[in-house]
Each structure stands twice: as C-alpha cells, then as structure tokens.
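Good morning, colleagues. I should like to take a few minutes to present one structure to the group. Please look at it on the screen as I speak.

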Amino acid sequence: MYNKRIELEEGDYYFNDKGYKVFTEKFHLRRGYCCKSGCKHCPYGYDKKTDNFK
C-alpha cells in the first residue's frame, strides 16, 4: 500500500506563491493513507505538532 506510485490527474495539486507543489485533498484521498508529513490539505486529520490524529 505505501509507496505505490499514483499518476497525477488534474486537480491533484497546485503551485503556491513560492513555487512549491501543494497536493490537494482529492490527491490524498486517492492515495489512500496519511504520510504523516503535516500536509496542508490532509483529509485524515493528522497534526504534525502533536503527532496525533484529530
């Protein structure tokens, strides 16, 4: 399950004002698991500061 390559589709990401690729909630749900990186649009409720799920 982990490290499975997901082909990117339209709407999976956008570039922020600093030029970084930001993955959307849509992408995270298609991937199917939380990577615990503290992603901005994490649909799994992970909080990197507390290392817990909300």
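Let me begin at the surface of this predicted model. L8, Y13 and F15 together form a nonpolar patch there, and their combined accessible area is about 290 Å².

Where in the chain does L8 lie? L8 belongs to the segment that precedes β1, the strand covering 13-15. Is L8 buried, partly exposed or exposed? Its relative accessibility is 39%, and L8 therefore counts as partly exposed, since that class runs between the limits of 20% and 50%.

I now turn to the chain as a whole. The protein chain contains four strands and one helix. Read from the N terminus, these elements follow the order β-β-α-β-β. As for dimensions, the C-alpha trace spans about 30 × 30 × 15 Å along its principal axes.

How much of the chain is buried? Of the 54 residues in the protein chain, 19% are buried. The accessible surface of the chain amounts to about 4,500 Å², and carbon and sulfur atoms account for 49% of that surface.

Next, the contacts. Taking the contacts between residues at least 6 apart in sequence, 12% join residues that are at least 24 apart.

Finally, the charges. The protein chain carries 12 positive and 8 negative charges, and the mean positions of these two groups lie 4 Å apart.

To return to the starting point, the patch formed by L8, Y13 and F15 is nonpolar and lies on the surface. Thank you for your attention.

Conventions:
Residues numbered from 1 in each chain as written. Predicted model: local features only at pLDDT ≥ 70, side-chain atom pairs only at ≥ 80, totals over all residues. Heavy atoms only, no water. Patch = residues over 30% accessible without salt bridge, like charges linked within 9 Å, V, L, I, M, F, W, Y side chains within 5 Å. Areas by Shrake-Rupley, 256 points an atom, 1.4 Å probe, with all protein chains shown as cover. Salt bridge = Lys/Arg side-chain N within 4 Å of Asp/Glu carboxyl O. Helix = DSSP H or I, 4+ residues; strand = E, 2+ residues; numbered from the N terminus. Buried < 20%, exposed > 50% of the residue type's maximum accessible area, 1.4 Å probe, protein only. Contact = heavy atoms within 4.5 Å. Lys, Arg positive; Asp, Glu negative; His and termini not counted. Charge placed at Lys NZ, Arg CZ, Asp CG, Glu CD.
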